[in-house]
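Biologist: Please walk me through this model. I have short questions and would like short answers.

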Amino acid sequence: MPNTYARITLPTGSVLFEEGEPGRAAYLIMDGEIEIFLRREDGEVHLAIRRTGEIVGEMALLDAGPRSASARVACDCSLIPITEDQIQHRITQLDPILRMCLGVVLARYRDMLPLLNNAGLVRGPALPSRNRLDEDAAEMTDREAQTARMQEAIGQLVMERELRRALEKGELELFFQPIVRLDTGRLAGFEALMRWNHPERGMIPPLTFIPVAEASGLIVEITRWALNEVGRVMPEIMLAALRHPGATEGPPFVSVNVSGHDLALLDFPAMVAAMLAASGMAPESLKLEITESILMGDPKRASDTLARCRDTGMGIAIDDFGTGYSSLSYLSTLPITTLKVDRAFVQAMLGDPRSRKIVQTILRLADELTIPVVAEGIEIAAEAEALTAMGCAFGQGYLFGRPVPLAQTLTVIESYGARLGRDAAMTSEPSAIPADATPSLLKTG
Ligand code: C2E
Ligand code: CA
Ligand code: CA
């Protein structure tokens with residue numbers, strides 16, 4: 001159920017908006033009734049009653065025109081506002097033809113309004129024909145499907161508001177999952193995976209809120225936060241790696257998932273460069289993970305942005321490889337430094353010869369292109385062994401460690417050091433890190 005803070009409650013008689021005002025919001029009626037009416041010299045003209053589950057004020061919000069009528073609470077109301085920001089982003093994301101049609105429909109509707117109102121004045125204040133039309137239209141559609149769509153929209157709107165608040169209140173957290181070198185078993189780096197530490201609902205997984213963040217455009221701020229957070233914690237990870245020689249294979253990297261919205265930003269490379277400069281993190285320690293779907297929207301812009309990021313030294317990983325609408329051409333045109341084979345293939349590999357063949361083919365292709373591969377979702381030793389035998393360089397999965405908060409990540413590095421450090425002691429110089437070193441002394445840039 002949506003939280004109450006996202007709602008506004010208004011008592012009977014409150015005026016929600018007045019005819020002629022600019023439309024700054026529309027309202028979903030969660031409970032109660034709203035009367036739509038016109039104020040005229042000879043009195044008020046009643047136009048319609050909107051009830052629970054309906055929406056009011058949408059037209060002026062959509063076409064940024066003036067309110068065509070006034071709205072007043074006819075029976076105590078609980079409303080969820082849809083704001084200009086929320087609509088504006090969606091309108092700019094709309095397919096241009098759909099946007100044009102919407103504009104035409106709204107313009108025609110506005111043209112018809114005086115006629116409808118006049119008709120109402122002639123026939124009487126209740127405008128019965130219009131109300132009947134509404135009902136007929138509703139009956140013609142599948143009411144259950146309509147309700148489901150409405151519920152989904154409400155859920156998204158509420159989550160979007162909560163997510164914005166979560167970002168401001170520091171409820172988002174990065175967990176880190178080890179990525180290991182399969183031949184030595186040492187840590188190569190970590191993938192940063194986001195969690196939402198909700199005050200009432202507990203830990204919310206990213207697959208619940210990232211799609212909402214993407215639909216609303218909030219993902220851009222969320223990615224910015226994630227990148228800054230990586231910059232903030234990186235010195236601690238570096239320090240732990242230096243204190244526990246043998247745990248890692250060289251300086252560890254952290255990969256961050258980025259979306260198509262991020263890459264569409266002209267200033268994305270500059271934003272990442274500013275984060276690197278502020279944190280002192282070496283660009284080589286940062287990898288951007290993208291999925292193939294990113295390249296479907298505006299491939300030219302995405303590849304230009306990626307090229308600018310790569311030029312500064314950052315790594316670029318293709319995530320979930322093999323699951324998207326793969327067009328292999330981008331493998332030769334994009335500056336890719338890592339392929340991540342989706343866990344669906346890895347987990348089916350031992351029992352299904354076709355999945356094994358797919359993994360083998362991806363490994364061979366990547367080898368030809370000299371792109372290292374990370375196999376995702378490795379849960380059992382037999383999978384790791386089979387992948388190592390096939391020449392896969394890196395692995396990630398519960399076998400090596402689940403995603404955990406920063407404090408536990410430092411402990412993971414320590415335990416890898418305790419397990420693999422003896423070998424390292426025989427092959428490398430003793431650590432030159434003073435016992436009292438602090439993360440700020442260890443900036444890598
Ligand atoms: P992904 O990028 O493919 O991340 C890997 C997912 O697989 C993670 O789920 C991880 O916990 C899970 N995983 C890792 N090893 C295993 C394993 O051995 N077995 C199984 N069953 N699962 C394993 P998680 O953390 O729930 O993240 C889900 C997705 O959410 C990610 O998939 C990514 O697409 C998205 N995501 C997570 N964090 C971020 C973020 O900061 N930004 C963006 N844009 N997306 C994110
Ligand atoms: Ca990923
Ligand atoms: Ca993945």
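The questions below go from the overall fold to the metal sites, the ligand and a few single residues.

Biologist: What kind of model is this, and how are residues, chains and ligands numbered?
Modeller: This is a predicted model: local features need pLDDT of at least 70, side-chain atom pairs count only at pLDDT 80 or more, and totals for chains, interfaces and linings use all residues. Residues are numbered from 1 along each chain as its sequence is written, chains are lettered from A and ligands numbered from 1 in the order in which they are written, and side-chain values use heavy atoms, with hydrogens and water left out.

Biologist: How many helices and strands are there in the protein?
Modeller: Helices (H or I, at least four residues) and strands (E, at least two) are DSSP runs, numbered from the N terminus. On that basis the protein has 16 helices and 15 strands.

Biologist: What percentage of the residues count as buried?
Modeller: Buried means under 20% relative accessible area, exposed over 50%, and partly exposed in between, with a 1.4 Å probe and protein chains only. The protein has 445 residues. The buried share is 45%.

Biologist: Among contacts between residues at least 6 apart in sequence, what share joins residues at least 24 apart?
Modeller: Contact means heavy atoms within 4.5 Å. Among the contacts you describe, the share is 72%.

Biologist: Which residues have the most contacts inside the largest nonpolar core?
Modeller: A nonpolar core is a set of buried Ala, Val, Leu, Ile, Met, Phe, Trp, Tyr and Cys residues joined through side-chain atoms within 4.5 Å. The largest one has 82 residues. Its largest share, 11 residues, comes from helix H7 (residues 219-243). The residues with the most contacts inside this core are Leu286 and Leu339.

Biologist: Which residues coordinate the calcium ion (ligand 2)?
Modeller: Donors are N, O and S atoms within 2.8 Å of the metal (3.2 Å for Na, K and Ca); water is not among the atoms, so sites may look incomplete. Along the chain the donors follow the spacing E-x65-N-x31-E-x29-D. At 2.1 to 2.3 Å, the coordinating residues are Glu191 (OE), Asn257 (OD1), Glu289 (OE) and Asp319 (OD).

Biologist: How far apart in sequence are Asn257 and Asp319?
Modeller: Asn257 is in strand E10 (residues 248-257), and Asp319 is in strand E12. The pair links distant parts of the chain. The separation is 62 residues.

Biologist: Which residues coordinate the calcium ion (ligand 3)?
Modeller: The donor residues are spaced D-D-x55-E in sequence. The distances run from 2.2 to 2.6 Å. Glu376 is listed with OE twice. The residues are Asp319, Asp320 and Glu376.

Biologist: Which residue bridges the two calcium ions?
Modeller: The calcium ion (ligand 2) and the calcium ion (ligand 3) lie 4.0 Å apart. The bridging residue is buried, with a relative accessible area of 7%. The bridge is Asp319.

Biologist: Is Glu376 buried or exposed?
Modeller: Glu376 sits in the loop between strand E14 (373-375) and helix H15 (381-389). Its relative accessibility is 10%, so Glu376 counts as buried.

Biologist: What is the phi of Asp320?
Modeller: Asp320 is found in strand E12. At 24% relative accessibility, Asp320 counts as partly exposed. Its phi is positive, in a residue other than glycine. The value is near 50 degrees.

Biologist: Which residues are closest to ligand 1?
Modeller: A residue is near a molecule if one of its heavy atoms lies within 4 Å of it. Ligand 1 is surrounded by 21 residues. The closest are Arg195, Asp319, Arg343, Glu379 and Tyr398.

Biologist: How far is a nitrogen atom of ligand 1 from an N or O atom in the side chain of Glu379?
Modeller: A polar contact is a pair of N or O atoms within 3.5 Å; within protein, one must be able to donate a hydrogen and the other to accept it, and residues adjacent in sequence count only if both atoms are side-chain atoms. An oxygen atom of ligand 1 is 2.9 Å from a polar backbone atom of Tyr398. For the Glu379 pair, the distance is 2.5 Å.

Biologist: How much of the accessible area of ligand 1 does the protein cover?
Modeller: Accessible areas come from the Shrake-Rupley method with a 1.4 Å probe; for residues, only the protein chains shown count as cover. On its own, ligand 1 has 800 Å² of accessible area. The protein covers 86%.
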